[in-house]
Amino acid sequence: MKRLGPFVFERRLAPTRAAILGYSLLAILAALIVMSFIFWAYGVSPIKAYSVIGRTTLGSRFGLMEILRRAIPLLLCGVGLVIAFRAKFWNIGAEGQLLAGAVAATWVALFSGVSGPMKLPLMFVLGFAAGAVWGIIPALLKVKLQVNDVISTLMMNYIMAYFVKWLIYGPWRGPTMRGFAYTDLFPRDAWLPLIRHSKVHWPTLVIGIAAAVLAALILSRTRLGYEIRVVGDSPDAAHYAGISFLGVSLWVMLLSGGLAGLAGVGEVAGIHHRLLEPDHVSLGYGYTAIIVAWLARGSPLAAIITSLLFGLIFAAGDEIKVTLQMPFQITGVFNGLILFFLIGVEVFLYWKIRVVRGGKETEWAGKAGS
Amino acid sequence: MRKLVLLTAVILLFGLVVFGAEKIKAGFVYVGPIGDYGWTHAHDLARRIVDDKFDWLETVYVESVPEGQEGAIIDRLIAQGCNVIFTTSFGFMDGPLEAAMRYPDVIFAHCSGFKRYKNMATYMADFYQVYYLNGLMAGALTKTGKIGYVAAHPIPELKRHINAFTIGVREVNPDAEVHVRWIYSWYDPAAAKEATEALIAEGCDVFAFTEDSPTVVQVAAENGLPSFAHYSPMLKFAPDHVVSGQLVHWEKIYEDFLVKVHEGIYTTENLAYVDYWWTLPQGAVELGADFGVPINPVWEDELKAKVIDHPVFGKVSIYDLVMIRHSQFGAPGITFDPFQGPVYDRKGVLRIPEGTWPSYETLVTMQWAVDGVVGPWPGEPEE
Amino acid sequence: MGWESWIVDTLRRALAYGTPLLWGTLGEIYAERAGVVNLGVEGMMILGALSAFAVAQSTGNPWIGVLAAAVVGGLAALIHAFFSVTLRANQYVSGLALTIFGLGLSGLLGTSWVGISLKNPLPKATIPGLSRIPILGDALFRDHSYLTYIGLFLAVVLWFVLYKTRWGISIRSVGESPSTADAMGINVFLVRYLCVIFGGVLAGVAGGFLSVEYRPSWTEGMTAGMGWIVIALTIFAAWDPLQAVGGVVLFGGLYHLAYRLQRWFPPEFLKLMPYAFAILVLAVAGLRKVRRGAPAALGLPYVRGQR
C-alpha cells in the first residue's frame with residue numbers, strides 16, 4: 001500500500017479479464033481523444049478523420065482483409081515471444097528469425113529442385129527450422145557463455161539483415177531482375193493461396209491460430225509449460241526443482257524462433273513471392289510483435305486479439321496517409337500515444353486507487369494485509 | 001461494313017474526347033518520405049509543380065510505402081477516385097502491373113521499371129550523361145589521382161553512373177582512379193560520412209556520390225575538398241567546395257505525360273510501348289549543383305586554366321571541354337555518348353564494340369565496371 | 001601510408017563516429033544503474049537532433065542548440081520516468097513507445113527544416129600539448145569536436161561518481177536493491193527520476209551532436225538506429241562508464257574499417273562485423289568466466305513495502 005496525497009494505492013493481485021479489456025479500451029479512447037487534438041491542429045476535422053478511418057478499416061471488407069493480412073506475421077511472432085517472455089527470455093530477435101525463415105523458404109522455392117504439392121509444406125518446415133536455429137544460438141550463448149539475451153538477439157537481427165542483403169546482391173540475385181537486388185519471382189507452386197479478392201494468405205493465418213492454441217496448451221497442460229513458467233517466475237525455484245535451465249531455454253527459443261520463421265515464410269510466399277531488401281520483407285513486424293506479446297500478458301490466445309489490434313493500427317496508418325493526405329509520421333505519433341496510454345492504465349489494473357480524506361488513512365492501512 | 005468502322009471510329013473518338021475533357025486525379029505512390037531531400041523529395045516537388053500548373057489536374061500522394069505494400073495502397077487510391085497512378089520505385093513493379101490488369105480503366109506509369117501493359121507505361125530520368133560531364137571536371141581537379149565515390153546500392157543504375165563518371169575522369173586524366181564504397185542504403189548519413197572519411201584516409205581528394213543526403217558534400221568541404229552534388233540543389237551546403245553536380249526535373253516527364261492523357265493521346269489501350277527515357281536533351285536532368293548554375297563560378301577559373309591535349313579537340317581547357325560535350329548532348333540531335341565504343345570492362349572484356357553506342361538494354365542492365373574503377377563490385381560478371 | 005596512419009585514422013573515426021554513441025551510452029548506463037531500462041534512446045536522440053538544429057539555426061549559436069537538445073532530451077525522458085517510476089508501467093514498452101513517438105513527432109515538426117544547411121556548426125578543437133604525442137595525439141586530441149573531449153572527460157567523471165562517491169553508492173543500491181536503499185533512507189523515486197532524466201539529457205546531446213556537428217543539417221530519421229546501438233553498448237560495457245569508452249572505440253573502429261577494407265572483403269560481411277563482434281566479445285568474456293552482472297533490479301518497478 002502506498003499513499004500519494006489523498007490517493008491510496010492498493011495492490012490488486014490478478015486483474016480480471018473484464019478489467020483488462022475495459023481499461024485497455026479506456027486507454028485507446030484516451031489516445032484517440034489526444035490524437036483528435038493533433039488532427040485538429042493539422043487542419044483535419046477529428047470527427048471526419050475517425051469516421052474515415054473507421055469506415056475504411058473496420059467498416060469495409062477490404063479494410064478487414066488488410067487488418068488480417070497485417071495481423072498474420074504479428075500473430076506468429078507474437079505467440080513465439082509470449083512463450084519466450086514467459087521464461088523471461090528477452091527475445092528481441094523475432095525480426096531476424098523471421099528473415100531466417102524467409103531465406104529458407106526462398107531456398108526451397110527457387111533452388112531446391114522440389115516442386116509440386118509438397119513444396120509449400122516443405123517451405124514452412126524449413127522456414128520453421130531456420131528461425132529455430134537463429135533462435136537457439138542466443139539460447140546457447142546465454143546458458144553456456146552468459147551472453148546477454150537482449151544484446152545477442154538484437155545484434156543477430158542486424159547480422160541476418162546483412163546476410164539477406166548479401167544473398168540478394170550476390171549469389172541469389174535474379175537473372176530476370178535486370179541487376180536489381182531481388183531474387184527471381186517464385187514459381188507459382190510456391191505461392192500461398194489467398195482469400196478471394198484480398199491479399200490474405202490464409203494458410204499462414206490458420207497456422208498462426210493453431211500455433212496460438214497449441215502454445216496455450218503447451219504452457220498450461222504440459223510438463224514443458226510448467227517448467228517454462230517456473231523458470232520465468234523464479235529461477236532459484238527452478239534450480240531446486242531440478243529443472244534444466246538449458247533445456248527450457250532451448251525449447252523456448254526453438255519455438256519462439258521457429259514461429260517467427262513461419263511468419264517469414266508467409267511474407268515471402270504470400271505477399272512478395274521473392275526475397276528482397278530486409279526492410280521490405282518485414283515492416284518491423286518482429287519488433288511490433290514485442291508489444292503484441294507484452295499486451296497479451298503471457299497468454300498466447302490473447303495474442304490473437306492484440307495482433308489484430310496492431311493489424312488495425314497498421315491499416316489505419318495507411319488510411320491516414322492515403323485518404324487524409326497526412327504525413328506518414330503521424331502514424332508514429334499515434335502508435336506512441338496508444339502505447340503510452342495502454343501502459344498508463346496498467347496502474348489501474350494492478351492497483352486499486354481510492355481517495356482518502358484526512359485521518360481515515362489508517363483504516364485502509366489495516367485492511368491491506370497482503 | 002464501312003459504316004460500322006466509321007461508327008466505331010466516331011464512338012472511339014467521342015470516347016477519347018470525353019475522357020480527355022475529364023478532370024484527372026493523379027495518385028503518386030512514393031517509396032520514401034517526401035522529406036528525404038533526394039529521390040522522393042524530387043518527385044514530390046515535381047508533383048506540386050504540375051498540380052499548380054493545370055486546373056484540370058488534382059494530385060494526391062502517399063509517402064513511405066514499402067515495397068510489397070503498394071498493391072493495397074493503389075486499391076485505396078483508386079477507391080477515392082484516382083484515374084492516373086504513378087509509382088516511383090523499381091521494386092513496385094508487380095504491384096502496378098497486377099493493378100493495371102485489375103483496373104483496365106485506370107492509367108498507370110511506373111518509374112524505373114521495365115514491365116509495361118496496355119494501360120501501364122514506364123518512365124525514367126537518367127543522369128549518365130551528366131555524371132560523365134562531372135567526371136571530366138573531377139578528373140581535372142584531382143591531385144592525388146584518386147577520386148572517391150560513395151554509392152548506395154550496387155544496382156545497374158549506379159553502375160552505369162559510376163562507369164560514365166569514370167569514363168569522363170579518364171578522358172582528361174588517363175591514370176586517375178575512381179574508388180567506390182557501397183553503403184547499402186539510400187539514406188544513412190552516418191554510413192555516408194564514414195565511407196567518405198575512409199576514402200579520404202585512402203588519399204581521395206575529389207568526391208562524387210549517389211545517395212539521398214548532402215553528407216558527402218559536407219564532409220568533403222570540412223576537409224577542404226571539392227565534390228559533386230547529387231539530385232537536389234546542394235550548392236548551399238558547401239558554396240566554396242561544390243563544383244557541379246546533377247539535378248532532376250521530373251516535372252518535365254509528369255507534365256508531358258499528364259497533358260497527353262488529358263488530350264486523349266494516351267489512353268488505357270496504347271501504353272504498352274510508352275517508355276520515357278529522358279535525359280539532358282529533354283530537360284529532365286540538368287548539370288549543376290543549383291538550378292541554372294551548371295558550374296560553380298568559384299571553380300570556373302581553375303577549370304578554364306587547366307588545359308589538356310584532347311585526342312579529338314586538341315588543346316582545350318576543361319571548362320570548354322565540358323561545354324562542348326554538354327552541347328553534344330543537347331538539341332537538336334545527340335552527337336556523342338559517353339559509352340561510345342570501344343568500351344572495355346576492367347577485366348578486359350570488350351563490352352561495347354568500336355564505333356557503336358550502347359543500346360538502351362545495355363545501359364539499363366549494365367553490371368560490369370570500366371577500367372579505372374577501384375573497389376568491390378558486387379554482381380560483377382565473370383570474364 | 002604506413003601502419004601508423006591506419007591506427008590514427010581508425011581511432012580518429014572511431015571517436016568521431018562514436019561520440020554520439022558515447023554520450024547516449026553514458027546516459028543509459030546511469031538510467032540502468034538506477035534500475036530503469038530506457039529503450040527510448042532513439043526517440044530522445046532524434047528529438048534532440050531536431051531541437052538542436054532548429055535552435056542553432058534560429059539563434060546562430062550551436063551551443064544554444066546543444067543546450068536545447070539537452071533540455072528536450074531530458075523532457076522526453078521525463079515522460080518515460082513518469083510511466084516507469086510513478087506509474088510502474090512496463091519499462092520496455094514505455095521506452096519503445098517513446099522511440100516510436102519521438103521518431104514520428106520529430107518527422108512531423110521537422111518538415112520545414114529539411115534541406116537547409118546549418119549556418120554555424122559546432123567548432124572543432126585541438127588540445128595543446130597532448131596533441132603532440134606521437135600517433136595517439138593525432139588520433140585522440142587533434143581536430144575533434146568539443147563534445148568528443150567533453151564526452152571522454154564525462155566518462156571519467158561519471159565513472160568516479162558511480163564508484164567513488166556517496167551519490168554513486170545511492171544510485172547503484174537503488175538499481176541493485178531498491179528496498180534496501182529505501183531502508184537506508186535513500187529516496188528511490190527521486191534517484192530514479194534524476195537518473196532517467198540525466199540519461200535523457202545526454203541522449204539529447206548525442207542527437208544534437210549529429211545535427212549541429214557530425215552532419216550539420218536536419219533530415220528525418222537521421223539517427224538511423226544509433227539508439228539501438230546505444231542499448232547494446234550499455235550492456236556490452238557492463239554498465240561501466242569507462243568500459244563504455246572501450247566499447248564505443250571498438251564499435252566505431254570496426255564501423256570505420258568496414259569502409260576501409262571494402263577493397264578486400266565483401267562489403268556486406270564487413271558491415272555486419274561490428275554486430276557479430278559484439279556477440280563474440282561477450283562470448284569470449286563468458287568463456288573466461290568474467291562476471292558481468294546487470295543491476296539486480298533492472299527493469300523492475302519499485303513498490304514501497306514490497307519485496
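These are my notes on chain A, its interface with chain B, and a few backbone details in a predicted model.

**Entry 1: chain A as a whole**

I began with the secondary structure of chain A, which comes to 16 helices and three strands. I then looked up its extent: along the principal axes, the C-alpha atoms fill a box of roughly 80 × 60 × 30 Å. The radius of gyration of chain A is 23 Å, and this agrees with a compact globule of 370 residues, for which a value near 21 Å would be expected. I noted that 58% of the 370 residues in chain A are buried. Of the contacts in chain A with a separation of 6 or more, 77% are between residues 24 or more positions apart.

**Entry 2: the interface**

Next I turned to where chain A meets chain B. I found 34 residues from chain A and 36 residues from chain B in the contact. Between them the two chains bury about 3,100 Å², and carbon and sulfur atoms account for 55% of that area. Which three residues supply the most of the area that chain A buries against chain B? They are Tyr169(A), Arg178(A) and Phe180(A), with 24% of it.

I looked for charged pairs and found six salt bridges across the interface of chain A and chain B. I checked the one between Arg76(B) and Glu319(A), where the closest N and O atoms are 2.2 Å apart. Polar contacts across this interface come to 18 residue pairs, both residues being at pLDDT 80 or more.

I then listed the elements of chain A that give two or more residues to the side touching chain B: helices H3 (61–86), H6 (149–169), H10 (245–272) and H13 (300–322). H13(A) gives the most, with five residues. By class, I recorded 15 nonpolar, seven polar and twelve charged residues on that side of chain A.

**Entry 3: backbone details**

Most residues other than glycine have a negative phi, and most peptide bonds are trans. I looked for departures from this.

Arg178(A), which I had met at the interface, has a positive phi near 55°. I placed Arg178(A) in the loop between H6 and helix H7 (202–221) of chain A. Is Arg178(A) buried or exposed? It counts as buried, because its relative accessibility is 18% and the cut-off is under 20%.

In chain B, Ser112(B) has a positive phi of about 70°. Ser112(B) sits in the loop between strand S4 (107–111) and strand S5 (120–125) of chain B, and is buried at a relative accessible area of 15%.

Last, I noted a cis peptide bond from Gly341(B) to Pro342(B), with omega near 5°. Pro342(B) is in the loop between helix H11 (318–328) and strand S15 (343–344) of chain B.

Notes:
Residues numbered from 1 in each chain as written. Chains lettered and ligands numbered in written order. Predicted model: local features only at pLDDT ≥ 70, side-chain atom pairs only at ≥ 80, totals over all residues. Heavy atoms only, no water. Contact = heavy atoms within 4.5 Å. Buried area = accessible area lost by both parts, 1.4 Å probe. Salt bridge = Lys/Arg side-chain N within 4 Å of Asp/Glu carboxyl O. Polar contact = N/O pair within 3.5 Å; in protein donor to acceptor, adjacent residues only side chain to side chain. Helix = DSSP H or I, 4+ residues; strand = E, 2+ residues; numbered from the N terminus. Nonpolar A, V, L, I, M, F, W, Y, C, P; charged D, E, K, R; others polar. Rg over C-alpha atoms; globule rule 2.2 N^0.38 Å. Buried < 20%, exposed > 50% of the residue type's maximum accessible area, 1.4 Å probe, protein only.
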